[in-house]
Amino acid sequence: MHWKDAESCGKALSELAVKALIEEAELTPKPGLVDRKDSGAHNDLNFEKMIVSANSLKSTFRDIGIAAFLKKPSQELRESIAEIGRHGEKKMFEATGGTNTHKGAIWALGLLVASIAGQSQRTSLERIANFAGEIACFIDRKATQTSTNGYNVQKRFGVQGARGEAQQGFPHVMEVALPVLREARERGLTETLARLETLIHLIARVDDTCILHRGGMDALTSAQKSAETIIRLGGVSTLEGWRGLDQLEKTLLSYNASPGGSADLLAVVLFLDSVDAKNSSALIPESLITV
Ligand SMILES: CC(C)(COP(=O)(O)OP(=O)(O)OC[C@H]1O[C@@H](n2cnc3c(N)ncnc32)[C@H](O)[C@@H]1O)[C@@H](O)C(=O)NCCC(=O)NCCS
Ligand SMILES: Nc1ncnc2c1ncn2[C@@H]1O[C@H](COP(=O)(O)OP(=O)(O)OP(=O)(O)O)[C@@H](O)[C@H]1O
């Protein structure tokens, strides 16, 4: 995808980012998370709030796309999008009445929107993820919050969380989740099952600070083991694997914990997949497209 100006770039990318957030919320069932069926481990959240929150972020992603248009990773870029990201967090809290719905998603999708907007021509998802990682490695000198859940968990358990995932170029997205999604589609799974399979692989592998701060290391290890069991049983498209989802849900609820970080990374996967699809369709010469 490349655009004639910053505005059309920002608008196009923000539409794809918000669509990915809505698709993540819509995926049902999702163990421990808000979906169409219930609110998982979140008593202050529901499906409608997730959708209102996702839509409230349209201008945030648009503004990030505009600010990053044709810009290379730099300290200046990092700080200008951090400002927009923080403003987006404020909007999200206003839209949800104070509940955290999409903090991790604003961070990850914001960086990726900035990365794509910075490219002067169509490029690979690998390059996009690496470029986003480079932006994330600059220190935001205006960051004010120091005792967030993420920081506290990082200090206590030594895990890198959302910051590390982005700074390393989204390894769980690029090396785990995207290949699982594509392979599941190739095996003929329905889109819903393919996305659920992707989420389960993320839960099995990601050091999710949402789970850690609610339930500690026990909760994280138990959730990862439950997800791993589903994979070992053949995945969500087998009867045994499908039944394993109940066990994963029970495990998460017993710790009052939800895999919010994995859910955010699923939204990232859906976003990158839609960017890739747009890029490939743009390769078809217009003369061959019949409407
Ligand atoms: C770096 C961030 C994530 C702050 O982290 P924080 O310490 O507040 O952590 P906290 O645990 O409270 O939230 C992190 C969020 O990440 C998600 N998450 C948790 N674990 C993981 C993981 N392993 N991988 C990816 N995401 C994860 C969760 O859903 C959670 O909501 C970010 O919110 C931030 O710095 N925002 C400031 C604005 C900014 O710089 N924006 C950049 C441009 S958009
Ligand atoms: N479908 C979803 N359901 C619930 N959470 C999600 C979903 N998708 C993504 N998330 C992520 O999970 C995070 C919510 O996790 P959590 O409730 O643990 O955070 P918190 O509100 O900061 O902490 P706490 O309420 O425990 O003090 C959100 O920041 C959001 O990014």
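Two residues are in contact if their C-beta atoms, placed from the backbone, lie within 7 Å. By that criterion, and leaving aside neighbours within four places in sequence, F271 is in contact with L16, A17, A20, L109 and L112. The structure is a predicted model, with an ipTM of 0.92 and a pTM of 0.95. The points below cover confidence, the nonpolar core, two helices, the surroundings of the two ligands, and backbone geometry.

**Confidence**

- The average pLDDT of the chain is 94, and 96% of the residues score at least 70.
- Over residues 286–291 pLDDT stays under 50, and the model has one contact beyond four places in sequence for this stretch.
- Where pLDDT is low, predicted coordinates should not be read in detail.

**Nonpolar core**

- The largest nonpolar core comprises 82 residues, and L109, L112, A132, V268 and F271 have the most contacts inside it.
- Helix α5 provides the largest share of this core, 11 residues.
- The contacts of F271 include L109 and L112, which are also listed among the core residues with the most contacts.
- L16, A17 and A20 are further contacts of F271, and these three residues are among the buried residues of α1.

**Helices α1 and α10**

- Helix α1 covers residues 6–26; at 1.5 Å a residue its 21 residues should span 30 Å, and the end C-alpha atoms are 30 Å apart, which agrees.
- In α1 the buried residues are C9, G10, L13, S14, L16, A17, V18, A20, L21, E24 and A25.
- An α-helix has 3.6 residues a turn, so residues three or four places apart point the same way.
- Helix α10 covers residues 191–205; its 15 residues should span 21 Å at 1.5 Å a residue, and the end C-alpha atoms are 22 Å apart, which agrees.
- Most of α10 is covered, with 11 of its 15 residues buried.
- The buried residues of α10 include the charged R195 and E197, alongside L196, L199, I200, L202 and I203.

**Surroundings of ligand 1**

- The shell around ligand 1 has 28 residues, of which G85, G104, G110, G150 and G261 come nearest.
- Two or more residues of this shell come from each of α4 (75–96), α5 (103–118), α7 (149–157), α8 (161–167), α11 (209–232) and α13 (260–282).
- Helix α5 gives six residues, the largest share of the shell around ligand 1.
- By class, this shell contains 10 nonpolar, 10 polar and eight charged residues.

**Surroundings of ligand 2**

- Around ligand 2 there are 19 residues, and V34, N100, G104, G260 and A263 come nearest.
- At least two residues of this shell are supplied by each of α1, α5, α11 and α13.
- The shell around ligand 2 divides into seven nonpolar, eight polar and four charged residues.
- G104 is among the nearest residues to ligand 1 and also among the nearest to ligand 2.

**Backbone geometry**

- Most residues other than glycine have a negative phi, and most peptide bonds are trans.
- T28 and P29 are joined by a cis peptide bond, with omega about 0°; P29 is found in the loop between α1 and α2 (47–56).
- L70, which is not a glycine, has a positive phi of about 60° and lies in the loop between α3 (58–68) and α4.
- L70 is exposed because 12 other C-beta atoms lie within 10 Å, and the limit for an exposed residue is 12 or fewer.
- N256 has a positive phi near 55° and is placed in the loop between α12 (239–254) and α13.
- N256 counts as partly exposed because it has 13 C-beta neighbours inside 10 Å.

Technical notes:
Residues are numbered from 1 along each chain as its sequence is written. Chains are lettered from A and ligands numbered from 1 in the order in which they are written. This is a predicted model: local features need pLDDT of at least 70, side-chain atom pairs count only at pLDDT 80 or more; totals for chains, interfaces and linings use all residues. A residue is near a molecule or strand if its C-beta atom, placed from the backbone, lies within 6 Å of it. Helices (H or I, at least four residues) and strands (E, at least two) are DSSP runs, numbered from the N terminus. The expected span of a helix is 1.5 Å times one less than its number of residues. A residue is buried if 20 or more other C-beta atoms lie within 10 Å of its own, exposed if 12 or fewer, and partly exposed in between; C-beta atoms are placed from the backbone. A nonpolar core is a set of buried Ala, Val, Leu, Ile, Met, Phe, Trp, Tyr and Cys residues joined through C-beta atoms within 7 Å. pLDDT is the predictor's confidence in each residue, from 0 to 100.
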